[in-house]
Amino acid sequence: MDFVKPTIEYAELAPLLIVLGGACLGVAVEAFLPRSPRRTVQLVLTSVVLLAAFATTIWVATDLAEVAGGAARGLLTAEGTIVVDGPTVFLWGLVLLLSLGGVALFAERRVEGGVSAFAGQAAALPGTEAEREASTRGWEHTEVYPLLLFAVGGMMLFPASNDLLTMFVALEVLSLPLYLLTGLARRRRLLSQEAALKYFLLGAFSSGFFLYGAALVYGFAGSMQFTAIAEAVRNDTGNQALLLVGMGLLAVGLLFKVGAAPFQGWTPDVYQGAPTAVTAFMSAATKVAAFGALLRLFYVAFGSDRWSWQPMMWAVAILTMVVGAVVAVSQTDVKRMLAYSSVAHTGFILTGVLGVQGAGELADGQITSLQAVLFYLAAYGVATLGAFAVVTLVRDSNGEATHFDRWAGLGKRSPWLAGAFGLYLLSMAGIPLTAGFVGKWAVFTVAMSAGAWPVVLTAIASSIVAIFFYVRYIRIMFFTEPHAGTPAGEVASVTTPSLLTSATIAAGVLATVVIGVVPGPVLDLAARAGDFIR
Amino acid sequence: MSDLPWLSLLIGVPLVGAVVVAALPRAELAKLAALLISVVTLGLGVAVALQHELRGGMQLTETHDWISAFGVHYALGVDGLSLLMVLLTVVLVPIVLAYSWTHDEDAQAGSGGSPRAFFAWALALEALSLAVFLATDVFLFYVVFEATLIPAYFLIGGFGKAGRGAAAVKFLMFQLGGGLVLLGSVIGLYVVSAQAGEPSYLHSDLAALDMSTSAERWILAGFLIAFVVKAPLFPLHTWLADTTEKATPGTSVLLVCVLDKIGTYGMLRFCLELFPEASQWATPLVVTLALISIVYGALLAIGQDDLLRLVGLTSLSHFGFITLGIFAFSSQGQSGAILYMVNHGLGTAALFLTAGHVIARRGTSSISRMGGMEKLAPVLAGFFLLAGLATLSLPGLSPFVSELLVIIAAFDYHWWVGAIAVTGIVLAAIYVLSMYQRVMTGPGPLAADDAADDAAGEHLEDPAHREPAGHGAAGGGATGTATATRTEAAVTTPAAARDLRPHEVAVLTPLVVGLVLFGFFPMPLFDVANPYVEDLMARVDVDDDAPAVPPGTTVEHEAAGEGAH
């Protein structure tokens with residue numbers, strides 16, 4: 001058997017390689033540099049890597065060749081295992097931008113009084129002498145930066161993978177660092193570690209489902225490649241049962257990652273337990289990456305069999321929206337509320353996913369489901385990152401004050417920050433002139449065009465429920481006084497952050513308003529991304 | 001002159017003004033700036049009106065692509081209907097601001113909201129409301145329709161009595177709920193429009209669209225639900241009374257007299273113009289709801305003890321009349337409804353503001369604790385009576401003309417519809433006159449001991465209700481709040497005895513002048529409204545000859561109707 005040297009398109013894969021290379025470099029920095037300069041070096045390295053990757057992403061995007069008569073742009077790389085096409089580069093850009101915000105939040109030290117939000121020494125048991133020592137010496141884990149880069153690398157590979165194995169590898173590369181990061185909180189460490197363990201166990205379980213599904217689909221199609229699977233589905237060869245069961249198991253793996261019901265159980269605990277900076281990064285970027293992968297798997301590999309999976313998506317979307325919106329109403333913790341709201345948003349995005357239609361069924365200039373989902377991801381990612389960034393700043397004497405009552409009257413004490421949080425909530429609620437509204441409109445429209453009116457009606461009903469808990473928060477912040485007689489330490493106040501967090505929040509506000517008022521450019525960008533390469 | 005983007009300017013000036021006012025350092029300066037900006041906006045509104053050509057259809061149009069991927073345009077235009085609504089808005093806002101100038105210390109005492117914020121939000125609300133009335137793109141309409149709720153929410157939640165936060169949430173939940181149902185319909189329109197070719201949200205494109213009957217009916221249902229919440233009509237009216245009770249009178253004027261008009265405006269502009277057949281199909285239901293609203297609103301108003309709640313509920317009755325006129329599908333009904341929208345704006349604004357004056361002097365909004373104002377404040381009593389009489393449509397005041405037309409149209413539609421609507425007039429007389437009697441006449445607030453016992457009893461029952469009254473009185477300068485309402489001696493305290501001051505009279509005068517002027521000489525309003533109504537009747541393809549009525553009779557009816565104005 002001849003060994004043929006694989007051809008790797010280094011130029012097109014440059015953003016991915018830069019991020020993964022940067023992550024390895026970060027590990028080396030950890031190993032060889034003394035403790036004191038590490039944070040600065042890591043911060044600079046990570047930011048430079050992400051910026052460089054973003055710049056090369058733009059360069060790649062402008063350079064993509066048109067294929068399939070202009071309907072799509074891009075090429076298959078790395079022997080057909082990775083696709084660099086329009087949607088891929090769009091998602092890459094989005095993930096990289098959100099990660100930049102994540103890095104800024106990771107590096108914030110002023111709000112904790114000079115230390116980061118991460119445990120001084122993760123290996124030290126909570127409540128022991130070792131922990132106290134780590135704390136008094138002001139140690140911090142700078143490994144979080146390379147971990148973030150690895151996660152970003154996985155997130156970039158995830159929606160770009162063109163076969164099931166690559167997709168599985170990407171899933172693990174993105175998940176493992178997140179499990180670790182979740183357990184690294186400086187405060188409330190037991191809660192954080194419990195969350196990490198829960199996330200890990202459930203995540204490993206869902207990976208198993210994914211792998212089993214991949215095996216079954218391989219049994220059906222005789223190939224891991226999406227193109228070959230699509231071919232087999234079209235020709236309807238092989239055992240239908242294998243295909244359907246495999247498809248379902250693959251869906252379980254991916255729906256777990258996006259946090260769709262009935263696989264949403266981990267979301268509130270993990271979002272609450274993880275350091276808020278990690279939650280911000282994870283909730284925004286993971287969702288983008290996982291939805292990218294979901295879209296590619298179902299549109300490309302199973303696209304011609306959409307009558308089989310659309311009913312399942314209908315059921316999942318309806319369930320997810322209802323569970324997310326209804327359970328969020330009874331939450332009294334801001335992080336849990338945002339977690340359930342993210343579940344509801346997963347349902348809204350799924351509404352867009354199931355709104356796929358054949359090219360022939362769309363009118364000239366009509367919005368496509370891919371375009372709608374990509375836009376929604378951008379709008380949602382920005383808002384959720386910003387909202388969690390705000391949560392890191394609202395503190396009392398015990399650290400972050402995430403309980404509902406503590407936020408009373410925040411609008412009077414810090415109108416700007418409360419205003420920013422209010423804007424993020426309004427965007428999530430889908431009030432016009434914010435990015436969230438346009439996103440909601442887009443996904444509802446594509447679903448309606450595809451005839452999924454029951455899903456759209458449910459979506460509208462759950463939006464009404466969702467508005468209730470968002471608006472209640474605005475009311476708490478602006479129109480409620482803290483209970484008289486509450487000790488000063490019990491009322492949350494806003495800690496002045498360094499430029500890093502402020503810039504993230506400000507950029508998020510700006511993006512939310514600008515995309516909301518002038519959504520044209522982002523929509524056009526999503527439209528220009530074209531279709532997936534099949 | 002006409003190449004100037006007049007309508008964008010009309011929207012832009014108050015919008016930019018709101019930002020400027022919010023940024024100004026001193027409250028007095030901010031108030032002055034806000035009043036100036038609203039007067040400039042009034043000037044712009046008048047300029048637009050002067051350029052208006054009767055029978056000119058949509059004028060001063062501006063159309064730019066906004067979100068081309070959605071077929072959405074930034075498209076504005078003004079015709080007879082929108083012109084009247086725009087004028088109503090630009091006239092009422094300076095009046096509200098001038099009123100709030102002196103009232104903010106009363107109404108906002110203890111609320112913590114800064115007067116600057118009130119003036120800025122009011123201007124923002126004006127800008128967005130104007131945009132609603134001027135939008136000729138359904139998507140743009142939807143966006144500003146929803147966006148008006150944000151300033152409204154902060155106006156209700158930030159200023160007024162205790163419990164306003166809950167009222168604001170209730171208001172927003174109802175409105176956004178209706179708005180989301182509307183979103184479903186707006187999306188449906190896109191789908192229908194995309195199926196017919198290139199998607200577009202322009203009103204003119206959509207009006208030309210040929211929709212299937214079921215699609216038209218479903219989409220209409222969404223629009224109607226949203227507008228029924230907005231207007232409001234039974235059974236989606238419950239937010240109205242709570243909101244007007246808790247909010248300041250100034251806010252209530254903006255909400256009820258301007259913002260709620262969007263509901264009836266939308267019924268004309270969108271339901272009737274875009275879905276004429278489906279609208280006729282829905283007529284029985286809407287007419288029933290309108291009739292229930294007329295009677296039920298009036299009955300509720302009779303039973304109220306809170307002055308502002310009462311005034312709010314009279315509007316429920318009035319919106320019933322407006323809707324009835326719109327859905328009677330005759331030219332008298334349509335013209336009457338359009339005039340009613342203007343007249344109701346003037347009359348209810350006058351009533352809210354005079355009620356605000358009364359409450360500021362009494363330190364309570366509870367009618368049972370008032371009485372005897374007439375002797376102490378005759379000028380205020382006069383204004384209050386006039387506003388009340390306008391509300392019950394006394395001949396000679398402008399609401400009479402519109403109400404008469406609507407009732408004619410109702411009888412034309414069906415005799416029993418007219419018969420039920422007429423009871424609204426009787427009930428209006430009851431609630432207005434009994435309100436006047438209880439507030440203004442009599443021996444003074446709670447003269448006897450048993451009244452004091454009543455008040456004490458209420459103390460126990462409803463302490464939360466008692467508290468806001470205390471705020472108001474303290475701000476107004478009355479000394480002891482509890483004693484002020486309990487003994488007759490308190491009536492002689494300076495704050496309670498003060499009649500309207502000259503500048504307060506000046507603020508109310510334009511409203512009263514409008515009410516009397518259009519009562520005797522409504523022709524200017526008809527000149528603007530009638531061409532629109534003719535176009536609309538042609539579009540919905542309805543003649544005034546209803547099949548049930550012999551042709552000859554209808555002509556006489558019309559003649560009678562014309563004679564009445």
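**Exercise 1. A helix and its neighbours**

Task: In this predicted model, find how far helix α12 of chain A reaches from its first C-alpha to its last, and what its buried residues pack against.

Solution:
- Start with the length. Helix α12 of chain A covers residues 306-329, which makes 24 residues.
- Next, take the span. From first C-alpha to last, α12(A) reaches 34 Å, close to the 34 Å expected at 1.5 Å a residue.
- Now look for buried positions. Among them are A:W309, A:M313, A:V316, A:A317, A:T320 and A:M321.
- A helpful reminder: an α-helix has 3.6 residues a turn, so residues three or four places apart point the same way.
- Finally, name the partners. The buried residues of α12(A) pack against α9 (240-258), α11 (276-301), α13 (334-353) and α18 (453-479) of chain A.

**Exercise 2. Two helices that cross**

Task: Work out whether α2(A) and α3(A) are roughly parallel or roughly antiparallel.

Solution:
- Locate the pair: α2 spans residues 35-63 and α3 spans residues 86-106, both in chain A.
- Read the angle. Their axes come within 10 Å and cross at roughly 160°.
- Apply the cut-off: angles over 145 degrees count as roughly antiparallel. The two helices are therefore roughly antiparallel to each other.
- Add the handedness: α2(A) passes α3(A) in a left-handed crossing.
- Look at who meets whom. The α2(A) side includes A:L50, A:F54 and A:V60, and the α3(A) side includes A:W92, A:L96 and A:V103.
- Sort the contact residues: 11 are nonpolar, five are polar and none is charged.

**Exercise 3. Where two chains touch**

Task: Find which helix gives the most to the side of chain B that touches chain A.

Solution:
- Count both sides: the contact takes 32 residues from chain A and 32 residues from chain B.
- List the helices of chain B that each supply at least two residues: α5 (138-147), α6 (149-158) and α7 (164-195) are those to check.
- Pick the top contributor: α7(B) gives the most, with 17 residues.
- Describe the chain B side: 20 residues are nonpolar, 10 are polar and two are charged.

**Exercise 4. Unusual backbone angles**

Task: Decide whether A:E79 and B:S393 are buried or partly exposed.

Solution:
- Recall the background: most residues other than glycine have a negative phi, and most peptide bonds are trans.
- Check phi: A:E79 has a positive value near 60°, and B:S393 also has phi near 60°.
- Place them. A:E79 sits in the loop between β2 and β3 of chain A, while B:S393 lies in the loop between α17 and α18 of chain B.
- Count neighbours. A:E79 has 14 other C-beta atoms within 10 Å and is partly exposed; B:S393 has 28 and is buried.

Note on methods
Residues are numbered from 1 along each chain as its sequence is written. Chains are lettered from A and ligands numbered from 1 in the order in which they are written. This is a predicted model: local features need pLDDT of at least 70, side-chain atom pairs count only at pLDDT 80 or more; totals for chains, interfaces and linings use all residues. Axes are lines fitted to C-alpha atoms, for helices over the stretch in contact, and angles run from 0 to 180 degrees between N-to-C directions. Helices (H or I, at least four residues) and strands (E, at least two) are DSSP runs, numbered from the N terminus. Angles under 35 degrees count as roughly parallel, over 145 as roughly antiparallel, 65 to 115 as roughly perpendicular and the rest as oblique. A crossing is left-handed if the near helix is turned anticlockwise from the far one by less than a right angle, and right-handed if clockwise. Two residues are in contact if their C-beta atoms, placed from the backbone, lie within 7 Å. Ala, Val, Leu, Ile, Met, Phe, Trp, Tyr, Cys and Pro count as nonpolar, Asp, Glu, Lys and Arg as charged, and the others, Gly among them, as polar. The expected span of a helix is 1.5 Å times one less than its number of residues. A residue is buried if 20 or more other C-beta atoms lie within 10 Å of its own, exposed if 12 or fewer, and partly exposed in between; C-beta atoms are placed from the backbone.
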